[in-house]
Amino acid sequence: MKKAYYSGFFLKPVIFPLAVIFVFGIVSLLASCATTKNSYFFETLQKDTTLSGLVNKDLESKIIKGDNLGINISSLSKEEDMMYNTGSGISPISGGAIFPVDQDGNIMLHKLGLVKAAGNTRKELALLIQKNLAAFLKDPVVSVQYVNHKVTIMGEVERPQVINMLDEQLSVIDAIVICGDVKQYAKRDNIVVIREEGNQKKVKILNFKDHSIFSSPWYYLQPNDIVYVVPDVAKRQSEEKRTRFQTNFALAISSISLLIIILDRITR
């Protein structure tokens with residue numbers, strides 16, 4: 001009994017500081033678990049407002065040399081339709097065939113021969129072909145779509161990928177949403193768009209925190225654009241450091257807790 005008393009007498013002054021450290025550690029750990037400030041899109045956008053000066057979304061692009069066109073021709077002459085829907089391959093978009101635009105800006109169609117495609121919009125070319133086919137088919141209907149128009153989305157997005165542009169225009173926001181949105185550590189104020197014009201590459205930085213992006217001529221992407229979502233490296237490293245600290249501190253607190261329990265048992 002006397003030995004246990006002296007043991008407890010000397011150990012109790014040690015347990016109290018350890019218990020204080022334990023409580024302080026728990027409080028510090030909980031404080032360090034506070035969530036970091038999130039970054040949002042369009043932070044400058046006021047509530048209940050109207051935006052003006054937006055980019056025209058009805059712009060129709062012109063067909064150029066080197067385009068691959070998915071053309072589908074249908075009529076009441078079903079037996080003859082297949083002869084017209086024969087190009088360089090099966091179009092994955094229109095259900096027709098792929099017709100490449102040659103270096104002279106032409107495409108080759110059954111019975112019509114060379115048809116000038118470059119310089120026309122998709123609708124203009126469809127109407128031209130439809131008009132010329134009226135002499136060979138009954139009530140022809142023609143649809144034209146781009147096959148090789150694409151944009152590349154890379155960087156801090158959930159699913160980096162190459163996106164086919166089925167229509168004339170694809171907004172940069174739609175493209176990023178198709179890729180599953182930006183990741184947690186993306187710089188929303190530093191979205192890079194790289195555009196090829198002739199033998200030059202132009203670079204534009206878009207700020208998704210500012211609603212003025214809707215008025216930017218770069219809001220709608222063009223074929224072969226590259227969109228790079230820049231990662232916030234400093235924020236990622238800070239978060240990783242915080243996570244490591246929490247893990248190590250939790251292990252230290254657990255060890256101290258275990259030591260307090262052991263010492264408490266000894267002093268009883």
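A pocket is, on a 1 Å grid over the protein atoms alone, an open set of points where a 1.4 Å probe fits, with protein on both sides within 12 Å along at least five of seven lines. The model is predicted, so that local features need pLDDT of at least 70 and side-chain atom pairs count only at pLDDT 80 or more, whereas totals for chains, interfaces and linings use all residues. Residues are numbered from 1 along each chain as its sequence is written, and side-chain values use heavy atoms, with hydrogens and water left out.

**View A. The largest pocket.** The volume of the largest pocket, taken as the space filled by probe spheres set on the grid points, is about 630 Å³. Of its 25 lining residues (those with an atom within 4 Å of a point), Ser 61, Ile 64, His 149, Gln 222 and Pro 223 are the closest to the centre.

**View B. Strands at the pocket lining.** Strands S9 (186-197) and S11 (220-221), which are DSSP runs of E with at least two residues, each supply at least two residues of the lining of the largest pocket. S9 gives the most, with three residues.

**View C. The aromatic cluster.** Phe 214, Tyr 219 and Tyr 220 form one aromatic cluster, where rings pair if their centres lie within 6.5 Å. The structure holds two aromatic pairs; in one of them, Tyr 219 and Tyr 220 are edge-to-face (planes over 60 degrees apart), at 5.0 Å centre to centre with 80 degrees between the planes. Both Tyr 219 and Tyr 220 are buried, that is, under 20% relative accessible area (1.4 Å probe, protein chains only).

Methods. Phe/Tyr/Trp six-rings, centres within 6.5 Å; stacked < 30°, edge-to-face > 60°. Buried < 20%, exposed > 50% of the residue type's maximum accessible area, 1.4 Å probe, protein only. Helix = DSSP H or I, 4+ residues; strand = E, 2+ residues; numbered from the N terminus.
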